[in-house]
Amino acid sequence: MGGELSLVITFVLYLITLLVIGYFAEKKFSHSYEDFVAGGKSFGAWVTAISSSASAESAWVMLGLSGIGYAKGISAYWAAVGCIIGYLINALLIMVPLNRKSMELGSLNLEDFIEDSTNDRSHILRIISAIIIVIFMTSYVVAQFTGSGKTISGMGMSSYKMGVIIGGIIIGLYVVMGGYASVSWTDLLQGLLMALVMLTLPIFAVIKAGGPSHIIHELSKIGLSSFTRNAQGAVIWGFIIMNLGIALGYPGMPHVVMRYITARDEKEVKRAAIISVIWGIVVFFGSCTLGIAGRVLLPNLKDAEHVLPAFTKSFLHPVIAGIVLAAITAAIMSTADSQLMYAATALIHDFYKKITKKTLDTRELVSITRLIIAGLTLLAMIFALSNIRQIYSYVLNFAWSAMGASFGPIILLALYYKDFNRWGALASLITGSVFTVVWSMLGLSERIIYVLVPAFFLSFLLGILFSIVTGGKEHV
């Protein structure tokens, strides 16, 4: 009983800390609408790097990826490699050029950048972008609240439904309070906590499981000691391509690239690129390793995605367990808060402020944005309470793929293809989202190839093709 109380107290203190951050963000960044939705475009390298990384890595990196390690063994490392490649793509090709060009154009968010860079005066790109963002980000938040329920129930603290409710209420409160700055500051704290846990726990788990050689020996008994799961030929390549395909999603995550747009200057973005890659290496490989060691230590789990909370409950002191619970919740909150903030901003900024051109004072705009955040939070909680999904497959095959295939090619082409125009952007938006939904509904990711791979390249190629056949940028 004393142990459970210590765990609960530690966890509650963490949640209170988040609310305090939200309070101070509200005091500093709610005086203007631009401050509330973009933090005054004033963030340095650490906030940019860690908050963007933490917001990219949701419940799936703590629960889903460790679950893949538990279920697939050594071959799970391909997923970690794929994620790191995604971080390198952003660091080398996206972060600095996007910050520079968005500063030149005066873009406040990704939809501004798309419209401004293609000179689209019809607002059709903004409208379709906002629709895609609201639909898929809200569905992504549902997966995060599912992760909250799984974490709290997996550690025996409460039921799945109560876990969803607790996570939803806390996230909604501090996002409503402090807006984008609150999201960025809390994501910095949460990202550092995630890195700390995924640096220390895997080492402890490997030692607890008898060391690397004993783990490999035990995995070999159940066929999980191979990087290719003992597959042959085309099956090997299909498996590897699926996991490396995860990388294609990173350039197109609106809530992630938003951090590059709102960074203070290029110098801070360059530093942020290095920090984010290091963070990713620690977290991705740590999560896989923990799941793999957990398979040896806890071989009979019914749900592979419970390996982290189950390991924590079984082998750690209650106070440390409370910190780990906070870290798992951090992964969930750092993504959900960013997506709620961005989805709400898309509704008010794109559908109302930019298109209608109506003038409201700062207080009214901030109040409306807060109401939308609260409404989206409630909607996501209702969906999470009604249907438990497997976090890893749901996120990768639906929300991650749709946004990655819709926006990633547009950002790359807008930065590096001088004749890219609004018709090319429109083709990419429609292709990426529609192709993903149809491919996923037909179950072709499991039978042929992970949806993001064909969706991304088809979206990319059609973006170029439609720009060419419509005469390039000068004829738009």
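**Exercise 1: H17 and H19**

Work out how helix H17 and helix H19 of this predicted model are oriented relative to each other, and what kinds of residue sit where they meet.

*Solution.*
Step 1. Start with the geometry. H17 covers residues 422–441, and its axis runs 8 Å from the axis of H19 at an angle of about 155°.

Step 2. Put a word to that angle. Anything over 145 degrees counts as roughly antiparallel, so H17 and H19 are roughly antiparallel to each other.

Step 3. Add the hand of the crossing: for H17 and H19 it's right-handed.

Step 4. Find the residues that meet. On the H17 side, they include Trp423, Gly424, Ala427 and Trp439. On the H19 side, you'll find Pro454, Leu458, Gly463 and Phe466 among them.

Step 5. Sort the contact of H17 with H19 by class: nine residues are nonpolar, eight are polar and none is charged.

**Exercise 2: Zooming in on Phe466**

Is Phe466 buried, partly exposed or exposed, and which residues does it touch?

*Solution.*
Step 1. Place it: Phe466 belongs to helix H19, which spans residues 452–469.

Step 2. Check the accessibility. Partly exposed is the band between 20% and 50%, so Phe466, at 37% relative accessibility, counts as partly exposed.

Step 3. Look at its partners. Leaving out residues up to four places away in sequence, Phe466 touches Asn421, Trp423, Gly424 and Ala427.

Step 4. Compare chain and space. Phe420 is 46 residues from Phe466 along the chain, yet their C-alpha atoms are 8.7 Å apart.

**Exercise 3: H12 and two of its partners**

At what angles does helix H12 pack against H5 and against H13, and what do those angles make of each pair?

*Solution.*
Step 1. Take H5 (residues 77–105) to begin with. H5 and H12 pack at about 170°, with 9 Å between their axes. That makes H5 roughly antiparallel to H12.

Step 2. See what lines this contact. Between H5 and H12 there are 20 nonpolar, four polar and three charged residues.

Step 3. Move on to H13 (residues 307–315). Its axis lies 10 Å from that of H12 (residues 266–297), and the angle is about 60°. That makes H12 oblique to H13.

Step 4. Note the hand: H12 and H13 cross in a left-handed way.

Step 5. Name the residues involved. H12 contributes Leu290, Gly291, Gly294 and Leu297, while H13 brings Val307, Leu308, Phe311 and Phe315. By class, this contact of H12 with H13 has six nonpolar residues, two polar ones and no charged ones.

**Exercise 4: Ser276 and Val81**

Which of these two residues is buried and which is partly exposed? Find out what each one touches, too.

*Solution.*
Step 1. Ser276 is in helix H12. Buried means under 20%, so Ser276, at 5% relative accessibility, counts as buried.

Step 2. Follow the side chain of Ser276: it gets to 2.9 Å from the backbone oxygen of Ala273.

Step 3. Set aside residues up to four places away in sequence, and Ser276 touches Ala49, Ser53, Tyr87 and Met95.

Step 4. Now switch to Val81, which is part of helix H5. With a relative accessible area of 29%, Val81 is partly exposed.

Step 5. Beyond its neighbours within four places in sequence, Val81 makes contact with Leu244 and Phe285. Ile281 is 200 residues away from Val81 in sequence, but 8.6 Å away in space, C-alpha to C-alpha.

**Exercise 5: Helix H6 and its ends**

How many residues of H6 are buried, and what caps its N-terminal end?

*Solution.*
Step 1. Count along the helix. H6 runs over residues 110–118, and eight of its nine residues are buried.

Step 2. Put names to some of them: Leu110, Phe113, Ile114 and Thr118 are among the buried ones, and so are Glu111, Asp112 and Glu115.

Step 3. Inspect the start. Asn109 is the cap at the N-terminal end, with a side-chain oxygen 3.3 Å from the backbone nitrogen of Glu111.

Step 4. Inspect what follows. Asn119 comes just after H6 and has a positive phi of about 55°.

**Exercise 6: Stepping back**

What does the chain contain in terms of helices and strands, and what share of its residues is buried?

*Solution.*
Step 1. Tally the secondary structure: 19 helices and zero strands.

Step 2. Look at burial across the chain. Of its 476 residues, 60% count as buried.

Step 3. Finish with the contacts. Among those with a separation of 6 or more, 86% join residues 24 or more positions apart.

Methods
Residues are numbered from 1 along each chain as its sequence is written. This is a predicted model: local features need pLDDT of at least 70, side-chain atom pairs count only at pLDDT 80 or more; totals for chains, interfaces and linings use all residues. Side-chain values use heavy atoms; hydrogens and water are left out. Axes are lines fitted to C-alpha atoms, for helices over the stretch in contact, and angles run from 0 to 180 degrees between N-to-C directions. Helices (H or I, at least four residues) and strands (E, at least two) are DSSP runs, numbered from the N terminus. Angles under 35 degrees count as roughly parallel, over 145 as roughly antiparallel, 65 to 115 as roughly perpendicular and the rest as oblique. A crossing is left-handed if the near helix is turned anticlockwise from the far one by less than a right angle, and right-handed if clockwise. Contact means heavy atoms within 4.5 Å. Ala, Val, Leu, Ile, Met, Phe, Trp, Tyr, Cys and Pro count as nonpolar, Asp, Glu, Lys and Arg as charged, and the others, Gly among them, as polar. Buried means under 20% relative accessible area, exposed over 50%, partly exposed in between (1.4 Å probe, protein chains only). A polar contact is a pair of N or O atoms within 3.5 Å; within protein, one must be able to donate a hydrogen and the other to accept it, and residues adjacent in sequence count only if both atoms are side-chain atoms.
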